[in-house]
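Colleague: I'm new to this one, so could you walk me through it and tell me how each label is earned?
Modeller: Happy to; have a look at it and then ask away.

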Amino acid sequence: RIDKEFTKAKKTKVGGQFPDVVTKIEGELGSLRSAWESIKAGALSDDAEPDDLRDGMEEIFEGIGEVRQSLGLLKQLSSVSKMVKTAGKEVAKFEKEVARQKKAGRDVAGLTSLLGDAKTKLGEITALSKQTGFDPEDLFDLMQELEHVRNEALQELDRVTGKDDADKLSAAVFGALRSRRLGF
């Protein structure tokens, strides 16, 4: 079954774009096949040690897990362009919100700086994703950095708009009402 998944993944555009990952999976599958043949031969021999066979089976199960993880990586890489488009839309949406807050007379210096950081990270992600055979870990690291900038920007936006203060006030009011209802 895992061979079928691999064959299907290898035929995709992503399989052709990341030959290193495909080669790694092929090597893992080859190791699994040879380990399986070794276990079968050992089971048929008279001097087979049950502990050795069990250890061999555990290695096979671990190897299957590694292959599945590599196949998952290939699947994730197939959605890179979608992730980049979504991130681009989110940056554009945030840019409009910064303009709206600036027009309202609020201090948007921090937001503007974070927006610049987000655009830079998005540019790096876009450039990396257009390279053939890039290291997927580099892409995922950049995506995490962009997510970190996004979270900072959302916190700053809440601060600028006063939403953070409103949320704290609302929580205090609801807490007081709840305490009053309970008779404190």
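**How the labels are earned**

Modeller: Let's start with Glu-156, which sits in helix H7. Bear in mind that this is a predicted model.

Colleague: Why is Glu-156 called buried?

Modeller: Buried means a relative accessible area under 20%. Glu-156 comes in at 15%, so it counts as buried. Setting aside neighbours within four places in sequence, Glu-156 is in contact with Gly-110, Leu-111 and Leu-114.

Colleague: What makes the pair Glu-156 and Arg-159 a salt bridge?

Modeller: The test is a side-chain nitrogen of Lys or Arg within 4 Å of a carboxyl oxygen of Asp or Glu. For Glu-156 and Arg-159 the N to O distance is 2.6 Å, so the pair passes. Both belong to helix H7 (residues 136–161), and because they are three residues apart there, about one helical turn separates them. Arg-159, at 48% relative accessibility, counts as partly exposed. There is also a network: salt bridges with shared partners join Glu-90, Glu-147 and Arg-150.

Colleague: Why do such side chains pair up in general?

Modeller: Side chains of opposite charge can pair when their charged atoms come close.

Colleague: How do you know that Glu-97 forms a salt bridge with Arg-100?

Modeller: Their closest N and O atoms are 2.3 Å apart. The cut-off is 4 Å, so Glu-97 and Arg-100 qualify. They are three residues apart in helix H5 (residues 80–103), so about one helical turn lies between them. Glu-97 has a relative accessible area of 18%, which is under 20%, so Glu-97 is called buried.

Colleague: And what makes Lys-40 and Glu-37 a salt bridge?

Modeller: The N to O distance between their side chains is 3.4 Å. That is within 4 Å, so the name applies to Lys-40 and Glu-37. These two are three residues apart in helix H3 (residues 19–44), again about one helical turn.

Colleague: Why are Lys-40 and Glu-37 called partly exposed?

Modeller: Partly exposed lies between the 20% limit for buried and the 50% limit for exposed. Lys-40 has 36% relative accessibility, so it falls in that range. Glu-37 has 44%, so the label fits Glu-37 as well.

Colleague: How many salt bridges does the structure hold?

Modeller: Nine.

Colleague: Back to helix H7: how do you know that Leu-139 is buried?

Modeller: Leu-139 is in helix H7, and its relative accessible area is 0%. The limit is under 20%, so Leu-139 is buried. Not counting residues up to four places away in sequence, Leu-139 touches Leu-77, Val-80, Ile-125, Leu-128 and Phe-134. For Leu-128, eleven residues away along the chain, the C-alpha separation from Leu-139 is 7.0 Å.

Colleague: Is Leu-154, another name on my list, buried or partly exposed?

Modeller: Leu-154 is placed in helix H7 too. With 35% relative accessibility, Leu-154 is between the two limits and therefore counts as partly exposed. Leu-154 and Leu-114 are 40 residues apart in sequence, and their C-alpha atoms are 9.6 Å apart in space.

Colleague: What makes Asp-52 an exposed residue?

Modeller: Exposed means over 50%. Asp-52 has a relative accessible area of 52%, so the word fits. Asp-52 is in helix H4 (residues 50–78).

Colleague: Which residues gather with Asp-52 in a patch of negative charge?

Modeller: On the surface, Asp-52 is joined by Asp-46, Asp-47, Glu-49, Asp-55, Glu-58, Glu-59, Glu-62 and Glu-66. The patch is called negative because Asp and Glu count as negative.

Colleague: Zooming out, what does the secondary structure come to?

Modeller: Eight helices and zero strands. Along the sequence, the pattern reads α-α-α-α-α-α-α-α.

Colleague: How much of the protein counts as buried?

Modeller: 29% of its 184 residues. The accessible surface of the protein is about 12700 Å², and 54% of it belongs to carbon and sulfur atoms.

Colleague: And which share of the contacts comes from residues 24 or more positions apart?

Modeller: Those account for 72% of the protein's contacts with a separation of 6 or more.

Key. Residues are numbered from 1 along each chain as its sequence is written. This is a predicted model: local features need pLDDT of at least 70, side-chain atom pairs count only at pLDDT 80 or more; totals for chains, interfaces and linings use all residues. Side-chain values use heavy atoms; hydrogens and water are left out. Patches are made of residues with over 30% relative accessible area and no salt bridge: like charges are joined within 9 Å, nonpolar side chains (Val, Leu, Ile, Met, Phe, Trp, Tyr) within 5 Å. Accessible areas come from the Shrake-Rupley method with a 1.4 Å probe; for residues, only the protein chains shown count as cover. The place of a charge is taken as NZ of Lys, CZ of Arg, CG of Asp or CD of Glu. Helices (H or I, at least four residues) and strands (E, at least two) are DSSP runs, numbered from the N terminus. Buried means under 20% relative accessible area, exposed over 50%, partly exposed in between (1.4 Å probe, protein chains only). Contact means heavy atoms within 4.5 Å.
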